[in-house]
Each structure stands twice: as C-alpha cells, then as structure tokens.
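Biologist: I am new to this model. Please take one helix and the stretch just after it, and walk me through that part closely.

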Amino acid sequence: MGTILALALTGVLGWDSLPQEAPRLAIALAPIVNTCDPKFPHADKEFVRAEMDGWIEKLLSKSAESSGYRLVGREKTGPAAKDLGIDFANGRHRNLAQLTSLGTQVEAQFVILILVGKDIQKNAEVSSILSNPGRSLSESKVEVRTWVASVSDAKWLADGSKRAITGLAQGPYFGTTRSGEITGNPDDIAQMILLESKRRAEWLGRAAFSGAMQVLSNTLGFKQPDSPSL
C-alpha cells in the first residue's frame, strides 16, 4: 500500500521531476609525505607521524564537507598511487603529471598533496601563564608545503615547491613524557607516555592542517570545519 501511494504521489505531484542535489566535486588527498622530527622524550616518530596524518585527513575531510566538496581519502589514493608507481616521498614524483594521473585514477576533479616538514612544540612559560591566564598554554608549529592540481585542465592551482607555510596551533599544556618523572608501574608509565604522545601528535596535526588551510582557502575556497574539535 505504501509503495502504491508513493507511486501515485510521484505522478500527481511530479516528485520525479524535482531538481536533485548536484553531486559534490571530488577532491583527492594524495598520500601525505611526513618528514617531521618530533623531539620530545620517548617520541615514537613513526607513531607520531601516523597520528598527525590521521588528524590532517580528518580535519580536511570536515573542511571539504563544510565547503561543498567530497574528500577522496588515503584509503583510496594510497593503493591507487601504488598501482601507478607513484611515490610522493620522491621529489621527482611531485609534479603535475603524477598528481593529475592520480586524480584521474580515483575520479577526482582536484588533487591535494601535503608535505609536512619541520616542527616545533613547546609549553608556555609558567610565569607567562600566571601573569596572563587567558593566553594559550602551548604552541605547535609545523612547516607545510601544499600542492593543488586541477585534473580536467591539468594545471596548478598551487605549487608547494615554491612556498612553505608555517602552521600554528595553540593548545593545552603538555605533560611530561620522561619516564623518570612519572610514577607507577612500568605498564602504567608506558601507557601515560603513549597517551601524551597521541595528544602531542594531535596538536602537531592541527598545526599542519592550519598551514595547508592557508593555501586551500585561497585556491579551493575551503572553510574551517563545522566541528573543528571533532
């Protein structure tokens, strides 16, 4: 009965002729090249880089959605790049032909490539926090290069080889990751170091995202995510 009613209404009201929402343009995020060198004690650098990359992609996905796009993430672009023999860690592969080839492979209209470079992360001085309670408790800075390619007409919208941008994220006070300064049994200490490393990696990822956004807002009109805290 429900199906018959729906069909009748479709014919009477012309629902089948109502305009449909246009599909969102697809933007492919190429595999991120992360060369940062986190120096806090007991930093598992590969772990920190992977966590950073995850935050960069999460925030970019939310920003793309807020801006009317659809992000094709690394779960698709990673295998596609491998199939094409592309390794963006190799500087010679960071060119227009390789980016547009990847975009074609994953059916995207634009491709973004991000190279994460030098990083600095530090807590604010206790004296400055006490004298100015409203200030941020930490700063994370990450140097980022961002490439943006238009696939259909094979042209650069931004060439990251020509400009590095330092992204900034102001966040919480970071706890110690020095095992000698943490009390408890070895397993608890290791867990606390892991959790603090994840927190530090999050804010490094947010800093890298802020650097990339300076390019993406100008080239693709990216807006800040609707839910920046995720």
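**Helix H6 and what follows**

Modeller: Glycine 221 follows H6, and its phi is positive, near 70°. The model is predicted: local features need pLDDT of at least 70, side-chain atom pairs need 80 or more, and totals for chains, interfaces and linings use all residues. Numbering runs from 1 along each chain as its sequence is written, and side-chain values use heavy atoms, without hydrogens or water.

Now the helix itself. H6 covers residues 186-219, 34 in number (helices are DSSP runs of at least four residues, H or I; strands, E, of at least two; numbered from the N terminus). From first C-alpha to last, H6 reaches 49 Å, close to the 50 Å expected (1.5 Å times one less than the residue count). At methionine 213, H6 bends by about 30° (the angle between axes fitted to the seven residues ending there and the seven starting there).

Asparagine 185 caps the N-terminal end of H6. Its side-chain oxygen lies 3.0 Å from the backbone nitrogen of aspartate 187.

Past the helix sits a ring contact. The structure holds one aromatic pair (ring centres within 6.5 Å; planes under 30 degrees apart are stacked, over 60 edge-to-face, the rest tilted). The rings of tyrosine 69 and phenylalanine 222 have centres 5.7 Å apart and planes at 35°, so this pair is tilted. Phenylalanine 222 lies in the segment after H6, while tyrosine 69 belongs to strand E3 (residues 69-72). The two are 153 residues apart, so the pair links distant parts of the chain.

Notes: Polar contact = N/O pair within 3.5 Å; in protein donor to acceptor, adjacent residues only side chain to side chain. Phe/Tyr/Trp six-rings, centres within 6.5 Å; stacked < 30°, edge-to-face > 60°.
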